[in-house]
Amino acid sequence: IPGALLDLGFGFVEAGTVTPRPQPGNPKPRLFRLVEDGAIINRLGFNSSGHDEFARALDHWRAGNRSGPLGVNVGKNKDSKDAQADYVAGVRRFAGVADYLVVNVSSPNTPGLRDLQSKARLEELTNAVIDARDDIAANSDGGRRCPLLIKIAPDLDKGALEDIAGVALRCGIDGIIATNTTVERPAELRGAAAQEAGGLSGRPLFEPSTRLLGDLYRLTGGNVPLIGVGGVFTGRDAYEKILSGA
């Protein structure tokens, strides 16, 4: 799949979310297309083959002389009692092979996951994964420090966003991805599946995700690289993300 997407012309591809142990994700059906709205609702729930199988697939892809920037998005198992340990394990497993790493603390489909965006927990987690990444770099040939980003939700109030910006600046995270899917349901949605539980992506996400992106850029003073995600359909959409700070 990474190769197919790169062949379509994407500048980079991000794979995941991958969890330490295999897990099936949420029961099906768990993916709903809202054609009239240009949107999708998903509640996949980190369906994952686990670190070992993912690493084998990644090695196989690289062995086929396929190239192109590939990010690995890491998460926690649904039944994990130690979320931080799961993220640290993901960073340690893939920091030497990924072109960048993403700490996904913003999916709405894993119970309690978004709680990790709170100030104290996010700062503790961010410091832990940065330490793990730096340890891998210090003990590897060449000392390459794999860029490490966090992925945040669009459903954050002003105070929470200010806290995240502060954590990012204090901890020295390499970037922030804004944003994941939203649990909000705009009144204008027309699709029959509009009220299904899960995260909404696509065209309805463009405005709120772009607004939050701009707020985050201002809060960080342009000192943290931002990746703008949500509802990008055209070159003009992409340019609006850039104008907002991406």
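Let's start with A4, which is found in helix α1. Helices here are DSSP runs of H or I with at least four residues, strands are runs of E with at least two, and both are numbered from the N terminus. A4 is partly exposed, with a relative accessible area of 49%. On that scale, buried means under 20% relative accessible area, exposed means over 50%, and partly exposed is in between, using a 1.4 Å probe and protein chains only. Between the C-alpha atoms of A4 and I177 there are 23 Å, and the two residues are 173 apart along the chain.

A word on what you are looking at: this is a predicted model, where local features need pLDDT of at least 70, side-chain atom pairs count only at pLDDT 80 or more, and totals for chains, interfaces and linings use all residues. Residues are numbered from 1 along each chain as its sequence is written, and side-chain values use heavy atoms, with hydrogens and water left out.

Staying at the start of the chain, I1 lies in the segment before α1, which covers 2-7. I1 is exposed, at a relative accessible area of 80%. Which residues form a nonpolar patch on the surface with I1? They are L5, L8 and F10, and together the four have about 470 Å² of accessible area. A patch takes residues with over 30% relative accessible area and no salt bridge; nonpolar side chains (Val, Leu, Ile, Met, Phe, Trp, Tyr) are joined within 5 Å, and like charges within 9 Å. The areas come from the Shrake-Rupley method with a 1.4 Å probe, and for residues only the protein chains shown count as cover.

On to the charged pairs. Side chains of opposite charge can pair when their charged atoms come close. How many salt bridges does the structure hold? There are 14, each being a side-chain nitrogen of Lys or Arg within 4 Å of a carboxyl oxygen of Asp or Glu.

Take E123 and R170, a salt bridge whose closest N and O atoms are 3.0 Å apart. E123 lies in helix α4, residues 119-138, and R170 in helix α5, so this pair ties together parts that are 47 residues apart in sequence. Both ends are partly exposed: E123 has a relative accessible area of 21%, and R170 has 49%.

Helix α4 has another one for us. R133 forms a salt bridge with D174, with 2.9 Å between the closest N and O atoms. This pair links distant parts of the chain, 41 residues apart, with R133 in helix α4 and D174 in the loop between α5 and β7 (175-178). Is R133 buried or exposed? R133 is buried, at 1% relative accessible area, while D174 is partly exposed at 25%.

Then we have R145 with D134, where the closest N and O atoms are 3.4 Å apart. R145 sits in the loop between α4 and β6 (148-152) and D134 in helix α4, 11 residues apart. R145 counts as partly exposed at 45% relative accessibility, and D134 does too, at 28%. Here is the nice part: salt bridges that share partners join R133, D134, R145 and D174 into one network.

Now the second largest pocket, with a volume of about 270 Å³. Of its 18 lining residues, the closest to the centre are P154, L156, P208, R211 and L212. A pocket is found on a 1 Å grid over the protein atoms alone: it is an open set of points where a 1.4 Å probe fits, with protein on both sides within 12 Å along at least five of seven lines, and lining residues have an atom within 4 Å of a point. The volume is the space filled by probe spheres set on the points, which are joined across faces, edges and corners.

Which helix gives the most to this lining? That is α6, with 7 residues. Helices α5 (158-171) and α6 (203-220) each supply at least two residues. By class, the lining has 10 nonpolar, 1 polar and 7 charged residues. Ala, Val, Leu, Ile, Met, Phe, Trp, Tyr, Cys and Pro count as nonpolar, Asp, Glu, Lys and Arg as charged, and the others, including Gly, as polar.

A few backbone details to finish. The peptide bond from G16 to T17 is cis, with omega near 10 degrees, and T17 lies in strand β1, residues 13-18. F46, in the loop between β3 (39-42) and α2 (50-63), has phi near 55 degrees, a positive value in a residue other than glycine.
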